[in-house]
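This text leads a new reader through a structure, beginning with the surroundings of its ligand and moving outward to its strands and helices. Please keep the sequence and the model in view while reading.

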Amino acid sequence: MSGPDSAMEAEFDTVAAWTEQAVADLGRDHAVPAACRGSGSPADLAWLARGLDLRGDARFLDAGAGLGGPAAWLVDHLGGRWTGRPLLTEPMIHAARSARRLFGFPTVAAVSEALPLPSASVDVAWSLGVLCVTPSRPQVLGELRRVLVPGGRLGLLVLQHGGTPLPEQPEGNDFPTHDELAAQLADAGFRVDEEVDAARLPGAPAGWDERADRVDDHVRRHHREHPAHRQAEEQQRVMGRLLGERLVTTQLLVTTAV
Ligand SMILES: C[S@@+](CC[C@H](N)C(=O)[O-])C[C@H]1O[C@@H](n2cnc3c(N)ncnc32)[C@H](O)[C@@H]1O
């Protein structure tokens, strides 16, 4: 494993564990929005869910699941149409533990470059906000292809670099350009079926952002002096600027393992 650096740990591990405590204090209805770290709006998840068409007892993997919010959203969203249970993998140990405690899904601490799963053991997968935080995209995509059955679908949320030099670089991120990602997907054995810029989809429903903001405020009130909190806030400031200026955009893709 190429170890996650400290900025990544601050944002995705330490703050994730504090988030679990905030949800315990603020109430269960805060869990899903708070635990969608970087996956954006429910409209993004709904777009992916439609393309992935998860149904019956299909085996589903969320690779790089963070706190597990997107998988919990998916279970609620699909209702009885899908009777399976998500399997979560996430390399940050505190985030993985918190995900398991928050939602009760089987969660394994693992990087996506080395998934502890047999080949062709997954029917459908998604990986949200992960391919842009690791330079080992070919290895991650190779592993996802290995564990998926032929014809299995993979949903992706990827922050893409528009090609213009960035004025600031958030530590630990590695944004592919559109063409770089397209080539890496093809090399790994994925066909892109659909792709959309998330900016074209609707924003979050009323209440979603408010709940996520309340959790952030709670974490800030309790931990603002902690170096990990300062580091995570700085990461978020840089990301907010890059997305706001559209130097980096959020792309959603539905692909098929060929
Ligand atoms: C932007 S967050 C997204 C988390 C979650 N997928 C979501 O949408 O809420 C990126 C996640 O990727 C995880 N990650 C970083 N490097 C990884 C790797 N090599 N393999 C798998 N996950 C990784 C981080 O720990 C973090 O949880």
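For the account of the ligand shell, Ala, Val, Leu, Ile, Met, Phe, Trp, Tyr, Cys and Pro count as nonpolar, Asp, Glu, Lys and Arg as charged, and the others, Gly among them, as polar. The model discussed here is a predicted one. On that classification, the shell around the ligand consists of 11 nonpolar, 5 polar and 3 charged residues.

Within this shell, some residues deserve particular attention. There are 19 residues around the ligand, and those that come nearest are Arg37, Gly64, Glu90, Glu113 and Leu128. Glu90 places a polar side-chain atom 2.6 Å from an oxygen atom of the ligand. Backbone atoms also take part: a polar backbone atom of Leu128 is 2.9 Å from a nitrogen atom of the ligand, and a backbone N or O atom of Ser112 likewise lies 2.9 Å from a ligand nitrogen atom. The ligand on its own would expose 590 Å², of which the protein buries 94%.

The strands may be considered next. Seven of them form an open sheet with mixed pairing, in the order β3-β2-β1-β4-β5-β7-β6. At its edges are β3, residues 107-108, and β6, residues 190-197, each of which pairs on one side only. Strand β4 comprises residues 122-128, and Leu128, already named among the residues that come nearest to the ligand, therefore belongs to the range 122-128 of that strand. Strand β4 runs parallel to β5, and 6 bridges join the two. In this pairing, Val124 stands opposite Arg153 of β5.

Strand β5 itself spans residues 148-161 and pairs with β7, residues 248-257, in the antiparallel sense over 9 bridges. One point of reference in this pairing is Val158, whose bridge partner in β7 is Gln251. Why is β5 described as largely enclosed by the rest of the structure? The description applies because 11 of its 14 residues are buried.

Two helices offer further landmarks. Helix α4, residues 69-78, is mostly covered, with 7 of its 10 residues buried. The buried residues of α4 are Gly69, Pro70, Ala71, Ala72, Trp73, Leu74 and Leu78. After α4 comes Gly79, which has a positive phi near 55°. Helix α9 covers residues 227-244, and Pro227 lies in it. Is Pro227 buried or exposed? With a relative accessible area of 55%, Pro227 is exposed. Its C-alpha atom is separated by 25 Å from that of Asp209, although the two residues are 18 apart along the chain.

The cysteines complete the tour. A disulfide is a covalent bond between the sulfur atoms of two cysteines. How many disulfides does a search of the whole structure find? The search finds 0. Cys36 is in no disulfide, and the nearest cysteine sulfur, belonging to Cys132, is 15 Å away. Seen from the other residue, the closest cysteine sulfur to that of Cys132 is in Cys36; because the separation is 15 Å, it is too far for a bond. Both residues count as buried: Cys36 has 11% relative accessibility, and Cys132 has 1%.

Conventions: Residues numbered from 1 in each chain as written. Predicted model: local features only at pLDDT ≥ 70, side-chain atom pairs only at ≥ 80, totals over all residues. Heavy atoms only, no water. Near = heavy atom within 4 Å. Polar contact = N/O pair within 3.5 Å; in protein donor to acceptor, adjacent residues only side chain to side chain. Areas by Shrake-Rupley, 256 points an atom, 1.4 Å probe, with all protein chains shown as cover. Disulfide = S-S within 2.5 Å. Buried < 20%, exposed > 50% of the residue type's maximum accessible area, 1.4 Å probe, protein only. Helix = DSSP H or I, 4+ residues; strand = E, 2+ residues; numbered from the N terminus. Pairing = 2+ DSSP bridges.
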